[in-house]
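The following exercises concern the structure shown below. Please attempt each task before reading its solution.

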Amino acid sequence: MFFIKNLSQNNTEHETVLQDQLLATHYLITLTHTTLERLGLFDVLRKKTEPAAIDELSKIIKVRTDILEACINFLWSTTNYLEKNGQKIILKNNPPKWFWIATYKPVFDNLESLLKGTKKYGNDVVRDGYYLQKMSITINNPVENYIVQQLQEIKEKSILVDLGCGPGTLLSRVSAANPLIEGLGIDVDPIITDIAQKNVMRSRRPIKIITADVTKIHFWKKHIPSNVNLIFSANSILHELLRDGEERFISFLKTLKGAFPGSRFFVTEINALSPQEIKNMRSNDYKFFMAMFMFTHPLTEQGLPRSKKEWLSFFKKSQWSVMRTEQPKNNDARIIYDCLL
Ligand SMILES: C[S@@+](CC[C@H](N)C(=O)[O-])C[C@H]1O[C@@H](n2cnc3c(N)ncnc32)[C@H](O)[C@@H]1O
């Protein structure tokens, strides 16, 4: 529905104008939809079984009725997921979730200031933690399935420590699948730990969530009881720590090994590609995902994602043993490194 056609050099002037309009319309659909998603409109609509009036919706999400109506008219006429009859609307098809864009919208809204250096990510601008964890939930199943399956074999009382735990779903699933495993989730973002806390409470398993920076090991280590088998996971977080350079990163991995020798450690990271490799890719969907994924990292003061070869080299330099690598889903660039400290 939203596929962007390849721009060809042989287009007629008319085709070029049409393509420009198509790109501009896609841009406005994305911007409008994401703004309404962030304001909660689609959360309200997803729960409605009957058409809802626009003025009623505007009161619920606390926005101006006239501008909301303009947004809805635009989305209704350019997409196929809304049904509108007079002043009433209902979702017809599943609308795109676009949680990824909702997560990074505050960053792209400030792109000019970030480029000029008048604002800095982390101080003046931050990505949206609420949508970050919502995005995690939509993409994590294959990685979680692998870890849950591996940990079903564990026969002794253990704690799974999930570094950068996001919504906490991995901890709930592992602990539900193997009652010998309790959980400790650590995340630096208080919005995310708040949501994780609510999520794990629903699982009624002994899982603790704390707000902390994973690099401050002395701070979170005190939450781990002694004499218990420890298992660790760090899914889609370690590359963020590369922002301080490889030397400090490797020193962090070595410190983890020193503090928890012999522990099993699952790391998941995207097998990153260079700009040239992305440019040469044939499959458009994967190409766009990879281009967007690589783009956000320099804007958000994260370390750049790395290739599988580089990850294996980091583990080797830190004297971690990689027992196995697993690609949990075809056509998914994520790789799980099943390690021993
Ligand atoms: C891309 S998300 C991944 C979340 C989850 N592990 C998953 O697989 O869906 C990265 C998470 O790491 C957290 N994070 C980033 N840097 C961190 C740090 N230094 N200490 C603790 N958490 C951190 C972020 O807040 C975010 O929730």
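**Exercise 1: Two helices**

Helix α1 (residues 13-39) and helix α5 (residues 99-109) have axes that come within 9 Å and cross at roughly 90 degrees. Determine how α1 and α5 are oriented to each other, and which residues make the contact.

Solution. Some conventions come first. The model is predicted, so local features need pLDDT of at least 70 and side-chain atom pairs count only at pLDDT 80 or more, while totals for chains, interfaces and linings use all residues. Residue numbers start from 1 along each chain, as its sequence is written.

Step 1. Helices (H or I, at least four residues) and strands (E, at least two) are DSSP runs numbered from the N terminus. Axes are lines fitted to C-alpha atoms, for helices over the stretch in contact, and angles run from 0 to 180 degrees between N-to-C directions.

Step 2. Angles under 35 degrees count as roughly parallel, over 145 as roughly antiparallel, 65 to 115 as roughly perpendicular and the rest as oblique. Helices α1 and α5 are therefore roughly perpendicular to each other.

Step 3. Thr-30, Thr-34, Glu-37 and Arg-38 of α1 meet Ile-101, Ala-102 and Lys-105 of α5; contact requires C-beta atoms, placed from the backbone, within 7 Å.

Step 4. By class, this contact of α1 with α5 has two nonpolar, two polar and three charged residues. Here Ala, Val, Leu, Ile, Met, Phe, Trp, Tyr, Cys and Pro count as nonpolar, Asp, Glu, Lys and Arg as charged, and the others, Gly among them, as polar.

**Exercise 2: The sheet of three strands**

State the strand order of the open sheet of three strands and explain why one side of each edge strand has no neighbour.

Solution. Step 1. The order is β1-β3-β2, with antiparallel pairing; two strands pair if DSSP finds at least two bridges between them.

Step 2. The edges are β1 (52-53) and β2 (82-85), each with a single partner strand, so one side of each is left without a neighbour in the sheet.

Step 3. Two bridges join β1 to β3 (residues 88-91), and Ala-52 has Ile-89 in β3 as its bridge partner.

Step 4. Four bridges link β2 with β3 in the antiparallel sense; Glu-83 is partnered by Ile-90 of β3. These two strands, β2 and β3, form a hairpin with two residues between them, and Gly-86 in the turn has a positive phi of about 60 degrees.

Step 5. Helix α4 (residues 65-78) lies across β2 and β3, at about 115 degrees to β2.

**Exercise 3: The sheet of seven strands**

Give the strand order of the open sheet of seven strands, and identify its edge strands.

Solution. Step 1. The order reads β6-β5-β4-β7-β8-β10-β9, and the pairing is mixed.

Step 2. The edge strands β6 (207-211) and β9 (321-326) each pair on one side only.

Step 3. Five bridges pair β9 with β10 (residues 334-340) in the antiparallel sense; Val-322 stands opposite Cys-339 in β10.

Step 4. Helix α15 (residues 308-317) lies across β8 (264-270), β9 and β10, and runs at about 15 degrees to β10.

**Exercise 4: The ligand shell**

How many residues surround the ligand, and which are the closest?

Solution. Step 1. The shell has 18 residues, and the closest are Ser-136, Gly-164, Gly-166, Val-188 and Asn-235; a residue counts as near a molecule if its C-beta atom, placed from the backbone, lies within 6 Å of it.

Step 2. Two or more residues each come from α7 (129-139) and β5 (181-187).

Step 3. Seven nonpolar, seven polar and four charged residues make up the shell around the ligand.

Conventions:
Two residues are in contact if their C-beta atoms, placed from the backbone, lie within 7 Å.
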